[in-house]
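Please open the model in a viewer and keep the selection panel at hand. The stops below are arranged so that each selection leads to the next.

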Amino acid sequence: MMKKILLAAGLCALVLLSISATDRTGSDASVLTKDFVNGNPEIASINQMSFGPEGILFLGDSKNAAIYALDTGDVTVTKANNEISIEGFDTKLAAALGTPIENLQINDMAVNPASKNVYFAVQVADGTPVLLKLKGEGFEHVSLQEVRYSKMALADPIAVDAVDRRKRPLRHWAISDIKYHKGKVMVAGLSNKEFGSTFRSIPFPFTDAQDYASLEIWHAAHGAYETHAPIKTFDIIQLDQTDYLMASYTCTPLVLFRLDALKEGKHTKGRTVAELGAGNSPLDMISYEKEGSTYFLMSNSNRPVMRIKYDDIANFKDTMTEPVTVFGEAAGVAYDNLPFPYVLQMDNLDDTHVIYLQRLADGDLKLRTRTTKWM
Amino acid sequence: MDVRVLSRTTIVKKIKYPLVFFCVLLGIACAREGKVHIDQIDYEGEKAIGVTFRTEMDVEQLRIFIGEASQQSVIGVIVSEGTQHHFTPIIPFTPGETYTVRMADTLVMASFPIPERAVVPPNEILAVYPSLDTVPENLLKMYIAFKEPMQEVGHALDFIQVTNVTDSVEEQPFLRLVSELWNSDHTVLTLWLDSGRIKTDLIPNREQGLPLTEGKRYTMTIDDRWKTVEGAPLKQRYTKHFQVGPRDDQKPNMRDWELRIPKEDPTKSLYIDFKEPMDAFLALETIQLYDMHGEQIAGHFKLTGDDSILQFAPDGEWPDPEINIRVQSRLEDLAGNNLNRLFDTRIETAKKEMQVTPTIRNLRIRIRQNW
């Protein structure tokens, strides 16, 4: 009798569990994409892209000064492949698009964490944006014309802006990085005019209220100077239960800002934790866990991939105020140069693998994965 | 042995004619099935957006490739109407390239060339800013304005060379950004001089010094092979000569500006003399004029006097005896100093600056009615 009761109770619990699991998935999906519309968003460019939950792809379109959220519907891991090695990647890409290599440019690469599929934002010489998904050693086209999407215009914080004769804004924001974090889409942008920093935190799902923060950032350099500068790439880091924006600038200092301090219209002063060397512009920043420790990887225009240990950042309590005394030495938090130069694109493939696009010494462009065990 | 020979001869004779007939039939069938006939290249404007071909073959076995050597087929969509098929690639076919229709990825069934574009006139550089020939040592930006939209691939810095003529050394003063800073039309490129080298005390500044050195002469050369979207090169190589003057470590000061509406000027223009060269694009977009009722006054701006004088020609008569000039504080001089702060700021100064950061500043000017 007791066995029967236990069995019945167990079955009930199992049914309830599965119902609640189904409900959660269903309600989350409806919450995140319920305001999406079907149609052609008329995306003019894809400068940066990043995946959020449920296969939602965020695209940064500098030409339209907008962020698009695309429902890719790509949420199932069909065949996980964490050993990718494709040589002559740009040749294959150009052949698939039926045009010479010099007619194309890879603007960004992003992995969909829901399906582990790798996406590429490609730009044609005439500016046409193309979105592709890696399929074996080939590609599958992802339509930008017939999609389910939501759009958020990046309104200029300065209301009175000049326009040219065809009523287009003279000022242009190049979206330099975009990431989704805890219900917010974070966007960093570079202006083609003034040398300032704009970092926006936009609630997602997008609202009409445009409730997002726009701010300029100050960062301390060595010694007695501090300057405005634009963020090139960033990640989010949690220190003492608090989320921080870890931003890397065009001139490579690494600066921390409390996320909750980034308020609209306020100048927020960051804490410089490292300066990473000369003649360099950072490209991508990702993080991974290994043997209980968190590491950050940063790829660079002119330097190998750098690895920074989370604990080193967490333990670096001071802002950098002392000038560097040794010529040519980087300062602040320690970092390692990994033996991967000319990494043009980089992302997490899964919990234990990183995927990156690397220009080799012989000029070949190679897409490859690497286990974080050896990083 | 003989019997066998005779027997074979007989058999050959017996099947000879039917065999020939069968081969002819097979040949006709193969030729008919294996034939792919290109009907036309489909155009939309000047873009070759697809190809129409006819075949009785199973179209599933056919793929389109660029050239004859490519191993990767072109991605696209095939729409069939009976034996006629339309293939539309993701991006238009490229002029000057030949495409092949292949069976089983290898056997070329047909090919079609895309004609070269009509020769387009060469492109021109309209201006390089700063337009004056002496720049401050801490110059932050340069702009290149092209007549036609430039190609949206490749790196601009591969076409730009800067030489320190004084020391005969090639320099790399510009920051190599992967996301280049173009306007929406792709006709104006913004180049930042390496900001890490300009900022006092940063490692790049300590290691390499400023990107430009006071007292030196430079040439900036722009390669004529740099192409437009239409594939047109520049009419000729462009060279700009400039020399480097002292550092600019002063914010633009509106109190120093001189405003005048010369009586003799038939355009009745307002001239704002900044008393120093300003960022050519910000000067044109950060200043607006308003009448006494707050209505914006229509007119045209022009930057003259080596980028140091802004001319505003009203479209009609000046509406009021007094006008309000609104200046956005983000207006910068050549060194990136704006109305609120210096590009390089000492921390103690920065604290004071942060307390006063208006985004708009106002100037008033009286209009004389007795022209």
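This is a predicted model. Begin in chain B by selecting strands β8, β10, β14 and β13, which form an open, antiparallel sheet in the order β8-β10-β14-β13. The edges of this sheet are β8 (residues 125-129) and β13 (residues 181-182) of chain B, each of which pairs on one side only.

Next, restrict the selection to the β13 edge. Here β13(B) is joined to strand β14(B), residues 188-192, by two bridges, and the two strands run antiparallel. Display the side chain of B:W182 and look across to β14(B), where B:L189 stands opposite.

**From β8 to a cis proline**

Move now to the other edge strand, β8(B), at residues 125-129, and continue into the loop between β8 and β9 (134-136) of chain B, where B:P130 is found. Inspect the peptide bond from B:Y129 to B:P130: this bond is cis, with omega near 0°.

Keep B:P130 displayed and add B:L334, since these two residues are in contact. B:L334 is located in another loop of chain B, between β22 (322-328) and β23 (345-346). Is B:L334 buried or exposed? With 23 other C-beta atoms within 10 Å, B:L334 is buried, because the threshold for a buried residue is 20 or more.

Which residues are in contact with B:L334, leaving aside its neighbours within four places in sequence? Besides B:P130, the list comprises B:V135, B:P136, B:L139, B:L140, B:D248, B:P277 and B:D279. For a distance check, select the C-alpha atoms of B:L334 and B:E258: they are 76 residues apart along the chain and separated by 19 Å.

**A three-stranded sheet in chain B**

Clear the selection and choose β3, β6 and β7 of chain B, three strands that form an open antiparallel sheet in the order β3-β6-β7. At its edges lie β3 (62-66) and β7 (107-113), each pairing on one side only. From one strand to the next, the twist averages 25°.

Focus on the pair β6(B) and β7(B). Strand β6(B), residues 98-103, runs antiparallel to β7(B), and six bridges join the two. Two of the partnerships may be labelled: B:Y99 has B:F112 as its bridge partner in β7(B), while the partner of B:M103 in that strand is B:L107. Then select B:A104: in the hairpin of β6(B) and β7(B), which has three residues between the strands, this alanine takes a positive phi near 55°.

**Another positive phi in chain B**

Proceed to the loop between β20 (299-304) and β21 (309-314) of chain B, which holds B:D306. Although B:D306 is not a glycine, its phi is positive, at about 55°. B:D306 has 13 C-beta neighbours inside 10 Å and therefore counts as partly exposed.

Before leaving chain B, colour the whole chain by secondary structure: five helices and 24 strands are assigned. Of its 371 residues, 33% are buried. Among the contacts in chain B with a separation of 6 or more, 61% involve residues 24 or more positions apart.

**Chain A**

Switch to chain A, which has three helices and 29 strands. Here 45% of the 375 residues count as buried. Of the contacts between residues at least 6 apart in sequence, 50% join residues at least 24 apart.

Select A:P205 in the loop between β13 (198-203) and β14 (213-215) of chain A. The peptide bond joining A:F204 and A:P205 is cis, with omega about 5°.

Continue to A:Q241, in the loop between β17 (231-239) and β18 (242-249) of chain A. This residue has a positive phi of about 65° although it is not a glycine. A:Q241 counts as exposed because it has 5 C-beta neighbours inside 10 Å.

**The largest nonpolar core**

For the final stop, select A:M49, A:F58, A:L59, A:I67, A:L97 and A:Y119. Which role do these residues have in the largest nonpolar core? Of the 158 residues in that core, they touch the most other members.

Centre the view on A:F58 and display its contacts, leaving aside neighbours within four places in sequence. A:F58 is in contact with A:M49, A:S50, A:G52, A:I67, A:A69, A:I178, A:Y180 and A:V185.

Methods:
Residues numbered from 1 in each chain as written. Chains lettered and ligands numbered in written order. Predicted model: local features only at pLDDT ≥ 70, side-chain atom pairs only at ≥ 80, totals over all residues. Pairing = 2+ DSSP bridges. Helix = DSSP H or I, 4+ residues; strand = E, 2+ residues; numbered from the N terminus. Buried ≥ 20, exposed ≤ 12 C-beta atoms within 10 Å, placed from the backbone. Contact = placed C-beta atoms within 7 Å. Core = buried A, V, L, I, M, F, W, Y, C linked by C-beta atoms within 7 Å. Axes fitted to C-alpha atoms, helices over the stretch in contact; angles between N-to-C directions.
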